[in-house]
Amino acid sequence: MDDRTFRNAMGKFATGVTVVTTEFQGEVKGMTANAFMSVSLNPKLVVVSIGEKARMNPIVKQTGKFAVNILAREQEDLSRLFAGQLKEDRKVDFQWVNGHPILPDALANILCNVHSSYVAGDHTLYFGEVTDILMKDEAGDPLLFFEGKYRSVAKE
Ligand code: FAD
Ligand code: NAD
């Protein structure tokens, strides 16, 4: 099977969009990821899948912690930035919570310590044990990704 067929099929699964953030040697690193899932309630675990070629991969391995920032509809530019799709250098203002750099204005920020990891093909699954959660009080719309394009929730 060719890669395009696989990606087109996976693209039929509509997802939200997250930016995974962590701090390493005084620098904040972020990466856009839609391969994110809730895993377990007791203990509270989530998982993100990070490609072996992504610079983020060895960084999360070393820091042993990460935050998952669930993007709001208005944050498409941040998704593009942290996917390396914006050519400009952009200064991002991170908020700091318990040693984690997080994106303010995300729908939710999920702070984790790496619980375990598992190499699966050309990605590593990082399971995170959730230590803190921040959430916006007011309801916001999510940024969605479907068929390789950004989308919005339809208004009823
Ligand atoms: P780098 O190229 O090092 O960084 C990515 C970009 O973020 C660069 O442009 C960099 O300038 C910017 N950046 C990083 N830190 C900062 C900072 N502190 N301030 C300002 N800018 C900064 N890949 C996966 O492995 N798993 C996924 O689940 C996944 N899902 C994706 C979903 C979508 C919708 C998209 C568009 C891409 C997805 N990708 C995923 C691809 C991934 O986001 C890119 O391949 C990414 O560029 C690889 O990250 P890197 O760590 O090598 O990034
Ligand atoms: P696309 O058509 O490549 O993505 C559609 C779907 O395919 C994604 O939602 C994902 O489920 C899957 N997919 C894409 N690349 C993958 C990979 N390398 N490994 C595993 N699954 C993958 O959409 P696009 O707009 O062309 O994507 C932009 C860029 O972001 C591409 O370079 C793509 O590879 C990357 N991306 C990577 C992942 C991932 O690594 N899990 C997920 C989404 C996008």
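This text follows the salt bridges of a predicted model, beginning with the residues around arginine 90.

In this predicted model, the structure holds eight salt bridges, and a few of them can be taken in turn. One of them pairs arginine 90 with aspartate 77, and the closest N and O atoms of that pair are 3.1 Å apart. The two residues belong to distant parts of the chain, for aspartate 77 sits in helix α3, whereas arginine 90 lies in the loop between α3 (76-81) and β7 (95-97), the partners being 13 residues apart.

How exposed are the two partners to their surroundings? Arginine 90 has a relative accessibility of 34% and therefore counts as partly exposed, and aspartate 77, with a relative accessible area of 32%, is likewise partly exposed.

Arginine 90 also takes part in a salt bridge with glutamate 88, where the closest N and O atoms are 3.2 Å apart. Glutamate 88 has a relative accessible area of 43%, so this residue too is partly exposed.

A further salt bridge is formed by lysine 91 and aspartate 93, whose closest N and O atoms are 3.2 Å apart. Here both lysine 91 and aspartate 93 are exposed, whereas arginine 90 is partly exposed at 34%. Elsewhere, Lys12, Glu147 and Arg151 are joined into one network by salt bridges that share partners.

Key
Residues numbered from 1 in each chain as written. Chains lettered and ligands numbered in written order. Predicted model: local features only at pLDDT ≥ 70, side-chain atom pairs only at ≥ 80, totals over all residues. Heavy atoms only, no water. Salt bridge = Lys/Arg side-chain N within 4 Å of Asp/Glu carboxyl O. Helix = DSSP H or I, 4+ residues; strand = E, 2+ residues; numbered from the N terminus. Buried < 20%, exposed > 50% of the residue type's maximum accessible area, 1.4 Å probe, protein only.
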